[in-house]
Amino acid sequence: MKLILKQYLSSLRERGELDAILPDLLSQLGLNVYSRPGRGTLQRGVDVGAVGSLDGGPEKVYLFSIKAGDLTRRDWDGDSDQSLRPSLNEIIDAYIPNRLPVEHRGKNIVICICFGGDIQEQVREQLKGFIDRNTTTKITFEEWNGDKLADLIQSNFLREDLLPEHARSRLRKSLALLDEPKASYKHFFSLIKSLVGVDNRKDVERITVLRQMSICLWILFAWAREAGNMESAYLSSELALLHGWKLVSMCAEKKGKVTQGVGTAFLSIFSAYQQICSEFLATNVLPHAGKMHAISSAVRASCSLDINLKLFDLLGRLAMSGIWAYWGVQRCSDVEGEAKQQMLQEAWMYASSVKALISNNPTLLLPEKDDQAIDIFITVSLLALDANNHNDIKNWLAEILERASFAYRVHGRYPCILSSYSELLSHPKSGDKEYRENVTSGSILYPTIALWSALLDDEETYRKVALLKEKHLQHCNFQFWYPDEHSEEHLYTDSDSHGAVLSHVCVEKLKEKFLEQVFGECEQSPYFKDLSAAKYGWWPLIVVACRLYRLPVPLQLVAGFCRK
């Protein structure tokens, strides 16, 4: 396990990765982290600052300067502003005299040189000479290399009483099977379940579990990136994020340092999730979205069904990242103008990529499964945020409806409720009335098209949905899903069925009456507001859960978008 940890640490980048896990490690060691990594702020050489006692010694201030990988001659004293020696000089000359918090100025200071790998031999003597010259009675130095960090992680996050051997075995299996993403994800899923499986945990124990989940996810991410296969890491990050939020929600209304610790530990998981999503999309999707058939060809499938399933899945992932970027814009204050503008540009970049993906991959004009309406809903929710995209939405939905209607009429590969891959492969295996009615007995796809057509005032497409229902799908139950009183308990972990269905929605009526019916049900149901993710402003988590567990997106989110 130590070799696994050391390889993981050596592959981490300095910004957003190694400096993201170090504060959790220091907190687990019992130190109080008073300064965390920040972007765009003057750090004076200090990436992380902490105070406290280690191994029963006197209380000291620990100032960490972090570098990625091995410490080479270039990293030590190269041309870059990020070289270690200038950072250490800044700590001594500027940070300690001017930036050290007043309450800690009388304490001994330890400057910690932190890196994920090893010190190369040609640098060792220079580093030793620097330390000898600058060590005083008040200031000392420590080397926190990959070996030390791996030991600390193993003894504080993965020790036997906290992460039993069978759980560590699942982590090893998940790493070993990265080239088989489904198998790797299965073992990571078992690992997460084993960590969160104990009921009635104390808040302090929840912090530890969240930190363990974060560390395990970062390890998986680093190994997946090294292997060049991010699929397992992507799925596992969604799982860890949702299960982590479940732990956070149990103490969200409490106050105090422990509760703050729970929130901080969750943010570490969220940081890993965002890094993984960004890396996956930047590597596999974004560079190719604008090229005709590029991503469809890259699936390397044996049949068109595989391409269709994968492309709608990628579409949902791309739109989900855009929604997170838009959420980030909402959370920025007016004084954070630059960050707000950057996230807004990121949201529009994802929206533009979504449109390019649809334009260049015709398989996205006809879903093979009815539940692909979930990915369509998420995508339209992102695009609808900008009025300039409304015509694109109308054209896309109209084309989907036209192709689905035609496929149904000629007994082609029309959207169905089948979920088994083997059944989908042989669909439609019969043209008789009984088979057709069985595989189209219910639908969220057509009412989704009707909903957005009504919201965007596309009278023609809305009327065509009603006509399709009247002529060919009279037997089909058009429906929407709403959270119920059990959804808060089960939504984030998919531990049991939950939710309520509005059946037989009235697409045959005027669109105003239709909207009144579906949104009237939103007003009658109080349970969406009771969801902790909605209550505490983390509403994209609901969309993540719907995408991962294949639940229709609650219409309350659409009502919120429409008011903006």
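**Talking through a predicted model**

Trainee: Where is G45 found?

Mentor: Happy to start there, and do keep in mind that this is a predicted model. Two strands frame the spot, β1 (32-35) and β2 (48-52). G45 is found in the loop between β1 and β2.

Trainee: Is G45 buried or exposed?

Mentor: Let's take the cut-off, since buried means under 20% relative accessible area. The relative accessibility of G45 is 11%, so G45 counts as buried.

Trainee: Leaving aside its neighbours within four places in sequence, which residues is G45 in contact with?

Mentor: Good follow-up! One partner is F64, 19 residues from G45 along the chain, and the C-alpha atoms of this pair are separated by 8.3 Å. With neighbours within four places in sequence left aside, the contacts of G45 are F64, S65, S87, E90 and I91.

Trainee: Now for S296: is this residue buried or exposed?

Mentor: S296 sits in helix α12, which covers residues 294-298. Setting aside neighbours within four places in sequence, S296 touches I307, L311, N361 and T363. Its relative accessibility is 12%, and because buried means under 20%, S296 counts as buried.

Trainee: How are α10 and α13 oriented to each other, and why?

Mentor: Helix α10 spans residues 231-249 and helix α13 residues 304-331, with their axes 14 Å apart. They pack at an angle of about 50°. Angles of 65 to 115 degrees count as roughly perpendicular and those under 35 as roughly parallel. The angle fits neither range, nor the one over 145, so α10 and α13 are oblique.

Trainee: What is the make-up by class of the contact of α10 with α13?

Mentor: The crossing of these two helices is left-handed. On the α10 side the contact is made by E231, Y234, L235 and L241, and on the α13 side by K310, R317 and W324. By class, that gives 4 nonpolar, no polar and 3 charged residues.

Trainee: Stepping back, what radius of gyration does the chain have?

Mentor: The chain holds 26 helices and 9 strands, and its C-alpha trace spans about 90 × 45 × 45 Å along the principal axes. For 564 residues, a compact globule would have a radius of gyration near 24 Å, and the chain's value agrees with that. The chain has 27 Å.

Trainee: Last one: how much of the chain do buried residues make up?

Mentor: A word on contacts along the way: among those between residues at least 6 apart in sequence, 71% join residues at least 24 apart. As for burial, the share of the 564 residues that is buried is 55%.

Terms used
Residues numbered from 1 in each chain as written. Predicted model: local features only at pLDDT ≥ 70, side-chain atom pairs only at ≥ 80, totals over all residues. Heavy atoms only, no water. Axes fitted to C-alpha atoms, helices over the stretch in contact; angles between N-to-C directions. Helix = DSSP H or I, 4+ residues; strand = E, 2+ residues; numbered from the N terminus. Left-handed = near helix turned anticlockwise from the far one by under 90°. Contact = heavy atoms within 4.5 Å. Nonpolar A, V, L, I, M, F, W, Y, C, P; charged D, E, K, R; others polar. Rg over C-alpha atoms; globule rule 2.2 N^0.38 Å. Buried < 20%, exposed > 50% of the residue type's maximum accessible area, 1.4 Å probe, protein only.
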